[in-house]
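Thank you all for coming; I would like to walk through one structure with you this morning, going slowly enough that nobody needs to have seen it before. Please have a look at the sequence and the model first.

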Amino acid sequence: MTTPAAHETPDGEVAARARGLTKAYGSGETAVLALDAVDVDIARGRFTAVMGPSGSGKSTLMHCLAGLDTVSAGQVWLGGTEITGLKERELTRLRRDRIGFVFQSFNLIPTLTAAENITLPMDIAGRKPDALWLDRVVDTLGLRNRLNHRPAQLSGGQQQRVACARALASRPELIFADEPTGNLDSGAGLEVLGFLRGAVDDLGQTVVMVTHDPGAAAHSDLVLYLADGRIVDEMEQPTADAVLARMHLFTRANPRPPDVVVVRGRTADDVVAQED
Ligand SMILES: Nc1ncnc2c1ncn2[C@@H]1O[C@H](COP(=O)(O)OP(=O)(O)OP(=O)(O)O)[C@@H](O)[C@H]1O
């Protein structure tokens, strides 16, 4: 590994960790506290969804965990590497070598074929893809017959599958997906979510997905709820109904969630019972 490890995290099962993660934009009266002393562990080999109202800090959390944004205070680790304090060049290398990204808008290069798009980050890095792994990724994502197509010749769902394959190609430690189904119809969205689920279950990958969609979050193992820059709740083994009920609880009963977590539970019935 080329990136210097400053401090080791105590737990090898954690793919990413933040302690006291604080991010403020601007200063003085116009300052915005996007993240307010967040502590979070992203478990290795799991699918974690991050939800919360618009402006709650979801993208900022993802960007800080991925080393795309600097932090105002606190520490972030990727695996055993503390990334807070790394120089931009080191961060660029770390992102390239150890993190995969899937964006809402696919971000494919229109002049390249699907195959070329998939291997582009590794080509830029001068790394040779592991052929067996790449084969497995291409087959898992059902792209075998589309490898010579350019993005314009592919449906939205197929383009996002190419983007997923690109994120997986280097077998990264962590994949961040920011609203990966936001530009897809529900059928194509379900397909992509199924593939992200498969990347965790069948390929042993770790996925963190930002989403507004309870149906998408239901594909994850764990939902983290952000509000006002803080993690205010979490839900294991979510269902779409339970996620929806929890969202309603925050927006209807507690537009500004309290300091402490007051509601835990899995089903809509649980939430209604506690509201009563
Ligand atoms: N570059 C920036 N400069 C100033 N303020 C910013 C910047 N980026 C984000 N913010 C502010 O930080 C807060 C958190 O933003 P963030 O984009 O993380 O929220 P989000 O939960 O991802 O929202 P959305 O669901 O709408 O994408 C918001 O108040 C936002 O206006």
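**A walk through the chain**

Of the 276 residues of the chain, 42% count as buried, where buried means that 20 or more other C-beta atoms lie within 10 Å of a residue's own, exposed means 12 or fewer, and partly exposed is in between, with C-beta atoms placed from the backbone. What you see is a predicted model, in which local features need a pLDDT of at least 70 and side-chain atom pairs count only at pLDDT 80 or more, while totals for chains, interfaces and linings use all residues. Residues are numbered from 1 along each chain as its sequence is written.

The chain holds nine helices and ten strands, and these are DSSP runs numbered from the N terminus, with helices being H or I over at least four residues and strands being E over at least two. Among contacts between residues at least 6 apart in sequence, 70% join residues at least 24 apart, a contact being two C-beta atoms, placed from the backbone, that lie within 7 Å.

Let me turn to the sheets. In one open sheet, six strands follow the order S6-S7-S8-S3-S9-S10, with mixed pairing, and two strands are said to pair if DSSP finds at least two bridges between them. At the edges are strand S6 (99-103) and strand S10 (230-236), each of which pairs on one side only. From one strand to the next the twist averages 20°; axes here are lines fitted to C-alpha atoms, for helices over the stretch in contact, and angles run from 0 to 180 degrees between N-to-C directions.

Beginning at the S6 edge, S6 pairs in the parallel sense with strand S7 (residues 174-178) over five bridges, and Phe-103 stands opposite Asp-178 in S7.

Now consider strand S3: how many of its residues are buried? The answer is five of five, so to speak a strand that is mostly covered. Phe-47, Ala-49 and Met-51 point one way from S3, whereas Thr-48 and Val-50 point the other way, and all are buried. In a regular strand the side chains alternate between the two faces of the sheet. S3 runs parallel to S8, with four bridges, and Thr-48 is found opposite Val-208 in S8. Four bridges also join S3 to S9, again in parallel, with Val-223 of S9 as the bridge partner of Ala-49.

Lying across strand S3 (47-51), S7, strand S8 (207-210) and strand S9 (222-227) is helix H1, which runs at about 150° to S8.

The other open sheet to mention has four strands in the order S2-S1-S4-S5, and its pairing is antiparallel. Its edge strands are S2 and strand S5 (81-82), each pairing on one side only. Strand S1 (residues 14-25) and strand S4 (residues 73-78) run antiparallel and are joined by five bridges, and Arg-19 has Gln-75 in S4 as its bridge partner.

Next, the ligand. Which residues are around the ligand? They are Tyr-25, Gly-26, Val-32, Ala-34, Gly-52, Ser-54, Gly-55, Ser-56, Gly-57, Lys-58, Ser-59 and Thr-60, each having its C-beta atom, placed from the backbone, within 6 Å of the molecule. Strand S2 (32-43) and helix H1 (58-65) are the elements that give two or more residues to this shell, and H1 gives the most, with three. By type, the shell divides into three nonpolar residues, eight polar and one charged, where Ala, Val, Leu, Ile, Met, Phe, Trp, Tyr, Cys and Pro count as nonpolar, Asp, Glu, Lys and Arg as charged, and the others, Gly among them, as polar.

As for the interior, the largest nonpolar core has 71 residues, and those with the most contacts inside it are Cys-164, Ala-165, Ile-175 and Leu-196. Helix H5 (residues 156-168) gives the most to this core, with six residues. Such a core is a set of buried Ala, Val, Leu, Ile, Met, Phe, Trp, Tyr and Cys residues joined through C-beta atoms within 7 Å. Leaving aside residues up to four places away in sequence, Cys-164 touches Val-102, Leu-141, Val-192, Phe-195 and Leu-196.

Finally, a point about the backbone. Most residues other than glycine have a negative phi, and most peptide bonds are trans. Ala-37, which is found in strand S2, has a positive phi of about 55° although it is not a glycine.
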